[in-house]
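Please open the structure in your viewer and keep the selection tool at hand, since this tour moves from one stop to the next and says at each what to look for.

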Amino acid sequence: MASKIVGNKGVYDYLRGFRLSFLFLTISFLFLLFAFFIPLAQVLLVAFGYGFGSYRFTFQYMVEIIAKRSFLEAVVFTFEQALWTTGLSLIVGLPVGYFLARYEFPGKGVIRDLLTLPFILPSVVMLLGLILAFGPDGFVTQASRDVFGSPMISLYGTKSGIILAHTLYNISVVIRITEIGWGSLSQEEEQVARTLGASHSQFVLKIALPNMKGYIRTAALLVFLYSFNSFAIVLALGEVRYKTIEVLIYESARVRFKFHQAATLTFYQLIINATVIYGYLSLSPSATPVSGEEGYYEKQTLRGLVPNYKLVIRLATWSVYVSVVLFASLLPIIAVLRTSVLIRVDQSDVFSNYKILFSNRYDPLLGLSLGQVIRNTLFIASGVVFLSIALALPIARYFGFYSNIDRETNEQASRFVSLGIILPMATSPVSLSLGLIIAYQFSNFFENNVVFWIITAQTLVALPFVYRLISSRYEQLDPETVRVARTLGASSFHVFKSIEFPFLAKTVMVAAVFSFAISLGEFGATYFFSRIEWTTLAIAVFKLKSARQPGIPSAMAVILILISFVSFRAISIGEETELRV
Amino acid sequence: MSDLRVEDLHFSYKSWDVLKGISFSVTDSRLAVLLGASGSGKTTILKCIAQLLRYDTGRIYIGEEEITGKSPQELNVGYVPQGQILFSNMSVARNIEFGMAVKGVPREERTRKVKEIADLLGVSMFLERKPRELSGGQKQRVAIARALAIQPHLLLLDEPLASVDAFSKEALALEIKRVQQETGTTTVYVTHDQTEARLVADQVVILSHGKIVQDEPLETAVSNPSSIEAAILMGIPNSIPVKQLKEEILAKYKPKTGVIIPFDEIRLEPNRSEEDSELRILGKIVKVTQDIYQNPILVLQTDSLTTKPIRLKIRLRKQKNFMEAKTLEEINAYLPHNKIRIL
Amino acid sequence: MKAKTISSLVTISLLILASFSLQSIHGTNTNLRANANDEIVIYTYDSLLADPGYNFTGAFEEYMANKGSPVSVKLVLFEDANTILTRLILEKDNPQADVVIGLDNVLVHRAKAEGVLEPYISQNVQGEIPSELITNLDPDHYLQPYDFGIISFWADKNRVGYLLDDSQSITLDDFRDNSTLASLLIVENPVFSSPGLGFLLWTIAVYGDEDKGISGVLGQGDWKEWWKETAPYLRIVKSWGDAIDEFFAEEANRPIMISYGTSPSYGYCQWQDNSTWAFVSHENNRAYAWYQVEGIGLVKGASNPNMAKEFIDWFLSEDLQQHIPENQWMYPANSNVTLPQCFLESALHPNNVTILNSYIGNEAISQYLDTWLDEWEEVIAGVGKQEDSILPVLSSWEVAIVLGLVAFVTQDLIRRRRE
């Protein structure tokens with residue numbers, strides 16, 4: 001009798017305890033399992049010889065590839081250009097970061113935004129801009145030919161072209177991070193150093209730079225990771241000689257159909273990335289001292305300074321330097337904007353290129369009408385927005401928040417989960433797609449629903465960012481409010497609707513905008529799957545980049561620039577969430 | 001070592017006049033305490049002296065030399081800012097020798113000097129540690145050692161005990177005093193805490209709203225405050241500014257800035273009638289406590305003197321009738337008119 | 001902003017996005033695939049009949065309209081033939097195209113092995129297409145020939161006159177031994193481009209490949225040597241289109257490229273410009289060249305096979321074939337077409353050279369093509385790079401920077417560990 005009651009009560013409890021939120025949580029986990037972990041495991045299996053007709057484990061592929069010159073060359077080149085890019089971006093960017101942190105002047109916000117712009121642009125836009133500026137017919141090349149008699153740089157098939165492209169892209173990363181670093185330096189330390197007799201350069205060398213190590217390291221690792229995994233730029237500019245591992249994976253899988261080789265390459269790339277990211281996480285900047293300053297003398301303003309020749313020279317040097325960096329980083333954008341209105345289909349209408357974008361004009365190079373490209377892009381992007389938020393929210397909610405309310409400590413579990421959701425970050429977009437293809441290419445569903453896989457891959461790219469945005473917002477929500485609401489009898493759904501969602505709404509909106517922008521600019525995964533009928537704006541820009549009619553891809557690129565910029569503004573207005581990649 | 005002279009110093013920030021004509025001097029290797037509430041401009045004066053801030057007008061002399069417009073590097077002034085600022089990337093030893101290192105003093109001499117100074121301040125055992133491994137008090141010693149290592153003409157200390165834990169405060173204060181005397185360095189010491197001031201000062205400069213309200217040797221500052229404001233800042237108990245006093249009291253004593261009820265002159269005599277020569281204060285005893293020498297202190301809450309009730313401290317040393325008093329009981333206290341200090 | 005405003009904003013924007021997506025699913029046909037009998041999808045490369053240009057899709061549409069069954073042609077253009085084949089393989093299980101134009105007698109082996117084509121014989125042109133072309137392209141009729149020619153060097157007299165003229169007999173060895181010559185040459189990447197692949201096979205047929213039992217014309221068995229030695233000076237581009245852009249860009253200073261024996265006719269027929277000429281390699285005083293036959297084929301699983309066949313028939317008929325010489329600048333497959341005089345005067349006909357294809361043989365091509373591409377990539381990856389203008393100067397700096405960074409990171413890591 002007693003046991004029966006207990007049994008009934010158990011079932012009843014189970015039914016009552018069954019919450020919709022657990023259903024969502026389960027869906028999120030299943031997605032990660034099937035879209036990421038199983039494919040990743042498959043890639044590793046294939047790398048060890050299992051799959052594609054052979055069903056025994058072997059180190060043959062792992063060993064074979066190490067002996068290949070093409071692989072070694074790619075590895076050496078990948079490291080080489082990444083280190084070059086890192087070094088050059090730091091050398092150029094550090095002083096600008098200093099300038100922004102130390103000087104206060106009208107219009108500074110705008111200049112900072114402009115300097116940051118390249119960092120948030122999709123890589124294809126940067127690529128197109130570079131081609132339009134520095135390519136054989138680019139306006140910089142033309143100008144340099146007029147002035148010096150020879151082109152400034154040859155963009156295609158040279159190391160310097162690729163390094164230039166990556167550096168222009170990454171200076172902004174360095175500026176952004178080191179500006180925070182310079183700004184966090186203690187004013188007091190500088191004052192003490194000065195009273196102790198140190199000159200300004202002694203202060204910078206002996207105190208400022210050592211104290212900024214953390215920021216410099218973060219910036220360096222980000223730049224390194226970016227250029228190490230660079231795809232679109234190297235694919236377009238590297239030609240036969242220069243390939244990153246990422247490009248090699250793509251060509252192995254999608255041009256030569258060598259899946260074992262592609263999987264092996266992915267394995268090695270993953271190891272290198274994981275090592276670098278581990279380094280980044282374990283070495284990220286420790287808490288920096290905050291100065292106990294009374295409030296003035298924080299930034300040097302121009303007002304009230306007595307002009308003398310030293311000051312004038314210093315200011316002039318700074319303005320020349322910053323203008324040059326600004327101009328260089330904006331060159332690609334200028335090139336794209338200029339081309340989109342200057343080289344147009346219909347001479348009488350300045351905006352004809354833009355109008356054509358939304359028309360149903362068929363483009364045989366794309367195999368689609370331009371309007372369809374826009375519709376594809378929006379469809380995929382909205383899918384990514386839905387999926388990434390729907391998947392990130394339950395995990396962030398449960399592990400970032402509810403685990404602390406319901407149980408006392410679940411720290412281990414939630415750390416494990418955050419690792420699991422951030423792990424796709426260590427996996428390059430091309431590798432993510434390779435996993436999906438290896439795992440599912442033989443299913444009917446795969447072939448008939450390629451767009452689903454494009455959305456899935458892009459969601460995996462966006463998910464870590466969305467998760468971090470939402471979970472860091474959840475961390476700001478006081479658990480007491482929820483506990484109080486519960487004691488007042490509110491259901492879980494009700495709590496979510498009336499307490500959590502209003503609290504999160506702004507962040508969710510920011511996350512939506514952000515994942516929208518990621519989807520729009522995403523190139524690697526989309527190109528990997530690319531089916532003509534699902535061409536997106538980014539793919540179209542890439543395909544049309546060297547076409548005879550550069551006005552159309554430029555107009556597409558301008559749209560991508562605008563959306564990236566708006567989403568970037570939304571994030572910085574949104575809240576003080578850190579924007580670390 | 002060198003005398004410091006500040007003349008008519010004005011400093012403004014945006015539209016706010018932070019310093020409105022500051023003049024004072026410190027001579028004979030003495031230690032002057034700049035005492036004032038927060039926002040009174042103490043730190044600003046220190047920074048002006050170190051030439052870290054550019055002031056609007058005024059002159060500052062170290063010795064006979066006017067230093068206005070010089071750069072901080074040229075001054076040879078030991079500056080110890082608030083908050084135990086050490087160079088976090090350097091060891092203690094390298095912190096201390098920094099000033100010598102940038103001036104190119106040879107290594108052997110630096111090492112010798114570092115050891116000497118570290119011994120003086122009792123930090124020799126930490127020399128190889130990094131700042132984050134030190135306690136607040138230890139950091140402050142290192143910061144002072146670093147400032148002294150350049151053999152400064154002048155030592156400037158900004159709230160040196162501010163974030164030192166309560167137990168070490170007094171000891172460190174006395175240590176600073178000792179070191180200052182041993183090295184004979186003319187020192188300006190900024191604090192808002194009169195206890196500290198009493199422990200270290202040779203001279204007390206009291207600052208209020210960007211102006212000096214009193215500049216006296218320590219003894220005079222305590223025994224003979226120039227105004228009620230100075231008295232409050234010096235921590236003299238039962239200092240009541242005029243704006244709190246009742247009309248009748250104002251009429252009776254005609255104070256300019258306020259009155260002080262000396263806390264060891266009050267008599268508690270519950271059952272006695274008022275005499276003409278005395279002021280009767282009616283109140284309740286709300287608390288019994290101790291001063292730093294563990295003498296019992298009674299706290300009497302009264303509205304006899306002021307428009308709103310205030311609490312007066314009464315030293316119990318001479319209170320024969322104390323035993324009869326109980327807390328929260330109405331009680332009469334008496335004070336001879338001539339003992340009241342009118343400022 | 002108030003929380004309420006924001007949440008309604010979120011909801012509204014999500015709704016708008018949702019409606020967009022639904023609209024794009026329902027509103028348009030996102031599938032490229034022809035879904036009606038009056039539409040076909042054609043995959044080809046972007047230079048097909050492109051200069052000065054013949055609108056063959058329009059012509060076909062007109063032709064079919066006159067025949068009473070109107071059709072619309074959807075043309076999808078690719079950079080080069082190899083890319084088309086890659087695309088067909090990727091889409092094997094869900095084919096989008098009906099007709100493919102541009103796979104040649106080399107790529108056909110891979111296309112057949114991957115099973116992306118359906119055999120078809122156009123009845124109406126029986127006898128008009130020489131059987132020799134059919135055997136050379138594909139005796140199994142997975143592809144039918146529409147044009148042919150030889151791969152050859154194509155050079156600009158005005159710019160190489162100081163080194164070469166059309167009376168000289170150039171050998172492949174000349175390019176190997178004379179780096180000045182090699183640094184004037186543009187070659188297409190055989191992984192992506194069919195003339196590039198033809199040229200790779202040319203070198204293999206001339207020098208041979210010992211490991212695979214191919215002795216070649218010269219019987220040396222070391223085709224890789226040629227590439228190893230010339231690669232530092234060659235310009236290797238992705239497609240024939242890229243090559244021709246660079247060929248005409250004066251300052252690139254590359255006035256020789258791998259093209260076709262018919263390429264000189266382009267300038268000669270249009271502007272009587274005979275400043276360019278085509279030449280092949282003269283090994284042991286005989287002219288040798290790689291023979292290319294380009295084919296049109298029916299995609300396996302095409303959604304509109306009948307119309308596709310209709311198109312292929314038309315494409316091989318004189319109607320279309322007469323436009324091949326002066327728009328495609330190749331020899332038309334249909335023997336009924338009369339070649340213009342200018343064409344005969346300037347082009348290099350396969351009959352004038354010894355064809356290299358038989359030195360390798362179809363068997364070996366289908367067996368070793370992939371291996372050869374691998375080997376070629378290995379050779380190219382291993383050679384020094386002469387093209388980089390800035391970096392060699394800085395290379396000692398480069399080493400210093402790399403060492404510095406490595407030292408910094410190691411020192412830092414060690415220190416952190418210790419702490």
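Begin with the disulfide in chain C: the link of C:Cys269 and C:Cys342 is right-handed, with 105° about the S-S bond. Because C:Cys269 lies in helix H12 (residues 264-271) of chain C and C:Cys342 in helix H16 (residues 341-346) of chain C, the pair ties together parts that are 73 residues apart in sequence. Please bear in mind throughout that this is a predicted model.

**The cysteine pair, close up**

Show the side chains of the two cysteines, and you will find the sulfur atoms of C:Cys269 and C:Cys342 2.1 Å apart. A disulfide is a covalent bond between the sulfur atoms of two cysteines. How many disulfides does a search of the whole structure find? Over all chains, that search finds one. As for the surroundings of the pair, C:Cys269 is buried, with a relative accessible area of 12%, and C:Cys342 counts as buried too, at 18% relative accessibility, where the cut-off for buried is under 20%.

**A leucine in chain C**

Stay in chain C and select C:Leu320, which is found in helix H14 (residues 318-321) of that chain. Is C:Leu320 buried or exposed? With a relative accessibility of 0%, C:Leu320 counts as buried. If you set aside the neighbours within four places in sequence and display what remains around this residue, C:Leu320 is in contact with C:Leu49, C:Tyr54, C:Phe56, C:Trp314 and C:Phe315. You can also draw a distance from C:Leu320 to C:Pro332, which is 12 residues away along the chain; the C-alpha atoms of the two are separated by 9.5 Å.

**Chain B: strands and a hairpin**

Now colour chain B by secondary structure, where 10 helices and 18 strands are assigned. Of the 343 residues of chain B, 52% count as buried, and the accessible surface of the chain comes to about 15,900 Å², of which 48% belongs to carbon and sulfur atoms.

Select strand S1 (residues 4-13) of chain B together with strand S4 (residues 57-62) of chain B, which pair in the antiparallel sense over five bridges; within this pairing, B:Glu7 stands opposite B:Arg59 in S4(B). Then add strand S2 (residues 16-26) of chain B, which runs antiparallel to S1(B) and is joined to it by eight bridges, with B:Arg5 standing opposite B:Ser25 in S2(B). The hairpin of S1(B) and S2(B) has two residues between the strands, and there B:Lys14 takes a positive phi near 50°.

Next, move along chain B to an open sheet of three strands, in the order S11-S12-S18, with antiparallel pairing. Strand S11 (239-241) and strand S18 (341-342) of chain B stand at the edges, each with a single partner strand, so one side of each is left without a neighbour in the sheet. Zoom in on strand S12 (residues 258-260) of chain B, which pairs with S18(B) in the antiparallel sense over two bridges, and find B:Ile260, which stands opposite B:Arg341 in S18(B). Before leaving the chain, select B:Cys48, which counts as buried at 0% relative accessibility.

**Chain A: a covered helix and a nonpolar patch**

Turn to chain A, which has 25 helices and six strands. Of its 581 residues, 59% count as buried, and the chain exposes about 23,600 Å², with carbon and sulfur atoms supplying 67% of that area. Among contacts in chain A between residues at least 6 apart in sequence, 77% join residues at least 24 apart.

Select helix H9 (residues 187-195) of chain A, which is mostly covered, eight of its nine residues being buried. Among these buried residues of H9(A) are A:Glu188, A:Glu189 and A:Glu190, as well as A:Val192 and A:Ala193. Just after H9(A), A:Gly197 takes a positive phi of about 100°.

For the last stop, switch on the surface and select A:Leu30, A:Leu33, A:Phe34, A:Phe37 and A:Leu423, which make a nonpolar surface patch of about 400 Å². Which helix gives the most to the nonpolar patch? Helix H2 (residues 20-47) of chain A does, with four residues. One residue to pick out here is A:Leu30, which is found in helix H2 of chain A and, at 42% relative accessibility, counts as partly exposed.

Terms used: Residues are numbered from 1 along each chain as its sequence is written. Chains are lettered from A and ligands numbered from 1 in the order in which they are written. This is a predicted model: local features need pLDDT of at least 70, side-chain atom pairs count only at pLDDT 80 or more; totals for chains, interfaces and linings use all residues. Side-chain values use heavy atoms; hydrogens and water are left out. A disulfide is a pair of cysteine sulfur atoms within 2.5 Å. Buried means under 20% relative accessible area, exposed over 50%, partly exposed in between (1.4 Å probe, protein chains only). Two strands pair if DSSP finds at least two bridges between them. Patches are made of residues with over 30% relative accessible area and no salt bridge: like charges are joined within 9 Å, nonpolar side chains (Val, Leu, Ile, Met, Phe, Trp, Tyr) within 5 Å. Accessible areas come from the Shrake-Rupley method with a 1.4 Å probe; for residues, only the protein chains shown count as cover. A salt bridge is a side-chain nitrogen of Lys or Arg within 4 Å of a carboxyl oxygen of Asp or Glu. Contact means heavy atoms within 4.5 Å.
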